[in-house]
Amino acid sequence: TAKILDGKALAARMREEIRLEADQLASKHGRKPGLAVIIVGNDPASHVYVKNKKIGCEKAGIHSFSHELSADTSQQHLLGLITELNNDPKVDGILVQLPVPDHINSEVILEAIDPGKDVDGFHPYNVGRLASRKPALRSCTPYGCMKLLEETGIDLHGKECVIVGASNIVGRPMALELLLVGATVTVTHRFSKNLRSHIERAEIIIAAAGKQGLIQGEWIKPGAIVVDVGIHRREDGSLTGDVEFEEASKNAGWITPVPGGVGPMTITMLLANTVQAFKTHVGD
Ligand code: NAD
């Protein structure tokens with residue numbers, strides 16, 4: 001049966017290291033790294049994510065600046081706030097929690113953030129840097145998946161990787177991360193045919209379709225590494241992913257649990273990016 005790729009444990013170790021570094025930087029430069037978090041509207045799930053990000057910051061020695069805006073905030077007002085934060089020397093990272101209300105164009109918002117403060121790694125500049133093999137700030141979920149893959153100690157050169165999902169925040173940057181380390185990459189998406197045949201030949205599977213149980217355990221090649229990005233809430237309140245975990249565990253060499261796999265790594269990489277941005281700003 002598969003070994004567990006324990007994101008919770010890795011995240012805890014990394015957050016400890018981030019805290020040590022943030023504390024050292026704070027005593028050297030007289031201020032903590034700072035992350036500005038903007039949320040627009042009342043989406044309950046978004047408020048939970050933002051709260052967890054703020055708690056993560058506090059525990060890691062990062063100052064968080066909170067901007068909670070009402071659902072009817074205009075795009076112009078939001079752009080004004082971003083300009084202010086771009087110019088604020090105490091702010092190293094800026095995060096706009098998605099989704100924003102429909103009357104706001106999220107692309108315009110994301111492109112207004114100073115790329116040097118874009119700790120979510122969504123700005124086209126940072127995506128372009130990753131695409132051209134000179135990564136700067138990298139998107140948190142794929143970056144966290146790479147840290148999990150590193151934990152296996154397996155050489156990724158030439159590995160057959162199949163990514164399920166091609167979104168801007170997970171699938172696409174994941175493909176760029178895997179290319180960067182020399183893997184062979186297939187990206188499948190909603191128009192792909194015969195998902196099963198792709199999965200069956202994969203040595204590494206990144207599941208990020210947002211479809212509960214889409215990937216069946218019996219499709220998994222013996223010894224494959226399975227990283228499950230999907231998060232779904234079952235009727236009993238428990239969480240599950242895009243992969244049939246029990247069945248997949250019989251074939252896989254390594255597998256991430258849901259919860260406790262990719263989830264804790266995403267916020268961890270946000271904290272790491274904020275410290276990285278701070279170091280760039282202070283020239284350390
Ligand atoms: P999305 O809806 O933006 O993108 C889903 C992608 O999957 C699309 O490219 C779509 O074409 C593809 N897809 C849909 N059905 C498919 C199928 N049958 N076969 C192959 N591809 C298919 O979703 P997203 O924002 O990328 O998130 C994906 C999942 O990951 C969601 O469950 C989300 O909750 C989760 N997520 C988790 C974290 C984390 O930190 N763990 C972070 C981001 C997203």
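Reader: Is the crossing in which H2 passes H10 left-handed or right-handed, and how do you know?

Author: H2 passes H10 in a right-handed crossing, and the term is used when the near helix is turned clockwise from the far one by less than a right angle, whereas an anticlockwise turn would make the crossing left-handed. Please bear in mind that this is a predicted model, in which local features need pLDDT of at least 70 and side-chain atom pairs count only at pLDDT 80 or more, while totals for chains, interfaces and linings use all residues. Residues are numbered from 1 along each chain as its sequence is written, and side-chain values use heavy atoms, with hydrogens and water left out.

Reader: What are H2 and H10, and at what angle do they pack?

Author: H2 is the helix of residues 44-59 and H10 the helix of residues 262-282, and they pack at an angle of about 55° with their axes 10 Å apart. That angle makes H2 oblique to H10, because angles under 35 degrees count as roughly parallel, over 145 as roughly antiparallel, 65 to 115 as roughly perpendicular and the rest as oblique. The labels come from DSSP runs numbered from the N terminus, where a helix (H or I) has at least four residues and a strand (E) at least two. The axes are lines fitted to C-alpha atoms, for helices over the stretch in contact, and angles run from 0 to 180 degrees between N-to-C directions.

Reader: Which residues meet where H2 and H10 touch, and what are their classes?

Author: Asn52, Lys53, Gly56 and Cys57 in H2 meet Ile267, Leu270 and Leu271 in H10, where contact means heavy atoms within 4.5 Å. By class, this contact of H2 with H10 has four nonpolar, two polar and one charged residues, since Ala, Val, Leu, Ile, Met, Phe, Trp, Tyr, Cys and Pro count as nonpolar, Asp, Glu, Lys and Arg as charged, and the others, Gly among them, as polar.

Reader: What makes the arrangement of H6 and H10 parallel or perpendicular?

Author: Helix H6 (residues 140-151) and H10 pack at an angle of about 110°, with their axes 8 Å apart, and H6 and H10 are therefore roughly perpendicular to each other. On the H6 side the contact includes Cys140, Tyr143 and Leu148, and on the H10 side it includes Val262, Met265 and Asn273. The residues of this contact of H6 with H10 divide into eight nonpolar, four polar and one charged.

Reader: Why is the relation of H6 to H7 described as oblique?

Author: The axes of H6 and H7 come within 9 Å and cross at roughly 40°, and H6 and H7 are therefore oblique to each other. Pro142, Tyr143, Cys145, Met146 and Leu149 in H6 meet Pro173, Met174, Glu177 and Leu178 in H7, and by class the contact of H6 with H7 has eight nonpolar, no polar and one charged residues.

Reader: What makes S1 and S6 the edges of the six-stranded sheet?

Author: The six strands form an open sheet in the order S1-S11-S8-S7-S5-S6, with parallel pairing. Strand S1 (3-4) and strand S6 (184-188) stand at the edges, each with a single partner strand, so one side of each is left without a neighbour in the sheet.

Reader: How do you know that S5 and S6 pair?

Author: Two strands pair if DSSP finds at least two bridges between them, and strand S5 (residues 160-164) and S6 pair in the parallel sense over five bridges. Within this pair, Val164 stands opposite Thr188 in S6. Helix H7 (residues 171-180) packs on the sheet, touching S5, S6 and strand S7 (204-207), and its direction makes about 170° with that of S5.

Reader: Which strands are at the edges of the sheet S3-S2-S4, and what makes them edge strands?

Author: This open sheet has three strands in the order S3-S2-S4, and the pairing is parallel. Its edge strands are strand S3 (63-69) and strand S4 (93-96), as each pairs on one side only. The twist averages 15° from one strand to the next.

Reader: How many bridges join S2 and S4, and which helices lie on these strands?

Author: Strand S2 (residues 34-40) and S4 pair in the parallel sense over four bridges, and Ile38 stands opposite Val96 in S4. Helix H3 (residues 75-87) packs on the sheet, touching S2, S3 and S4, and its direction makes about 180° with that of S2. H2 also lies across S2, S3 and S4, running at about 160° to S3.
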